[in-house]
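Trainee: Could we go through this model together, one question at a time, so that I learn to read it with care?

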Amino acid sequence: VFLSQMGWGDLGAFGEPSKETPNLDRMAAEGMLFLDFYTANPLCSPSRAALLTGRLPVRNGFYTTNGHARNAYTPQDIVGGIPDSELLLPELLKKAGYVSKIIGKWHLGHRPQFHPLKHGFDEWFGSPNCHFGPYDNRERPNIPLYRDWEMIGRYYEDFKIDLKTGEANLTQLYLQEALDFISKQQASQQPFFLYWAIDATHAPVYASKQFLGTSQRGLYGDAVREIDDSVGKILHHLQQLGISENTFVFFTSDNGAALISAPKQGGSNGPFLCGKQTTFEGGMREPAIAWWPGHIPAGGVS
């Protein structure tokens with residue numbers, strides 16, 4: 001589970017006082033909490049490239065010191081992406097017989113040669129970029145959503161996001177995709193890698209109708225509550241299928257909370273200085289939880 005710009009201080013397990021993340025807090029209690037876990041970069045694309053390649057951004061071609069190398073950071077303006085020379089986690093897992101799916105935000109290039117299915121993933125439901133926009137569709141089109149190779153629609157048109165209310169059903173769509181994928185692989189006894197890359201906490205923040213207005217923390221808190229509920233449903237699904245002891249689940253974020261979006265659409269970096277786009281603690285230190293019943297002892301802290 002790899003979220004967009006959730007801060008170190010956003011979970012009850014990390015001290016968030018409203019304690020609106022019971023499922024993630026329970027995941028931490030049943031698994032291991034990482035108090036000093038760092039992302040490789042305080043920006044979405046480089047940290048995703050680092051996560052999937054295991055290599056520092058300065059080595060994998062995604063770093064933030066010049067315009068060319070910022071690659072997939074801006075939706076349509078930057079034409080670069082993940083180089084063919086980079087070996088991604090799903091490519092390695094494929095050799096071990098795994099089926100891999102990405103759900104949500106890819107952000108490693110939007111041109112055909114950078115498509116996730118060209119870099120080890122077998123399935124994709126989501127977008128090459130974040131839900132930026134809406135755009136005018138003349139000078140600049142809205143961001144597309146894909147099912148595998150087929151573009152099935154665009155944000156704000158076919159997949160609605162209401163900027164006034166913050167209502168969007170995307171997290172529920174992403175959740176159902178995850179549950180269906182897990183069920184399908186379990187039924188065929190197929191080992192799988194699911195990269196659930198949800199962007200609801202990235203401004204403009206959104207949540208589905210049943211979560212709107214339910215948090216003490218405003219719209220951002222509504223989005224966090226829906227993500228928490230979704231993670232709880234995924235873990236419960238693994239247990240119901242009887243595969244939780246064969247499934248390692250890791251939860252973290254791509255970078256710290258974006259203070260530029262605060263206070264209404266930004267999270268909390270707890271006691272740490274600054275946030276996204278800075279290399280201070282607030283930009284680099286992330287909430288992280290590992291869960292694997294029967295393998296990772298409950299209540300661990302590293």
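Trainee: How many bridges join S3 to S7, and in which sense do these strands run?
Mentor: This is a predicted model, in which local features need pLDDT of at least 70, side-chain atom pairs count only at pLDDT 80 or more, and totals for chains, interfaces and linings use all residues. Residues are numbered from 1 along each chain as its sequence is written, and side-chain values use heavy atoms, with hydrogens and water left out. Strands here are DSSP runs of E with at least two residues, helices are runs of H or I with at least four, and both are numbered from the N terminus; two strands pair if DSSP finds at least two bridges between them. Between strand S3 (99-105) and strand S7 (192-197) the strands run parallel, and the number of bridges is six.

Trainee: Which residue is the bridge partner of lysine 101 in S4?
Mentor: S3 also pairs with S4 in the parallel sense, over five bridges. Within S4, which covers residues 123-127, the bridge partner of lysine 101 is glutamate 123.

Trainee: Why is S3 described as largely enclosed by the rest of the structure?
Mentor: The term to fix beforehand is buried, which stands for under 20% relative accessible area, with exposed over 50% and partly exposed in between (1.4 Å probe, protein chains only). S3 is called largely enclosed because the buried residues in this strand number seven of the seven.

Trainee: In the open sheet of five strands, what is the strand order?
Mentor: The pairing in this sheet is mixed, and its edge strands, each pairing on one side only, are S1 (2-3) and S10 (300-301). S2 (residues 32-38) and S10 pair in the parallel sense over two bridges, with methionine 32 standing opposite glycine 300. The order asked for is S1-S8-S9-S2-S10.

Trainee: At about what angle does H1 run to S9?
Mentor: Axes are lines fitted to C-alpha atoms, for helices over the stretch in contact (heavy atoms within 4.5 Å), and angles run from 0 to 180 degrees between N-to-C directions. Helix H1 (residues 22-30) lies across S2, S8 (249-253) and S9 (285-291), and its angle to S9 is about 65 degrees.

Trainee: Which element gives the most to the largest nonpolar core?
Mentor: A nonpolar core is a set of buried Ala, Val, Leu, Ile, Met, Phe, Trp, Tyr and Cys residues joined through side-chain atoms within 4.5 Å. The largest one has 49 residues, of which Met27, Tyr174, Trp196, Val231 and Phe251 touch the most other members. The elements that give two or more residues to this core include H1, S3, S7 and helix H6 (218-240); with nine residues, the element that gives the most is H6.

Trainee: Is histidine 107, with its positive phi, buried or exposed?
Mentor: Histidine 107 is placed in the loop between S3 and S4, and its phi is near 65 degrees, a positive value in a residue other than glycine. With a relative accessible area of 0%, histidine 107 is buried.

Trainee: What is the relative accessible area of glutamine 277?
Mentor: Glutamine 277 is found in the loop between S8 and H7, and it has a positive phi of about 75 degrees although it is not a glycine. Glutamine 277 is partly exposed, and its relative accessible area is 46%.
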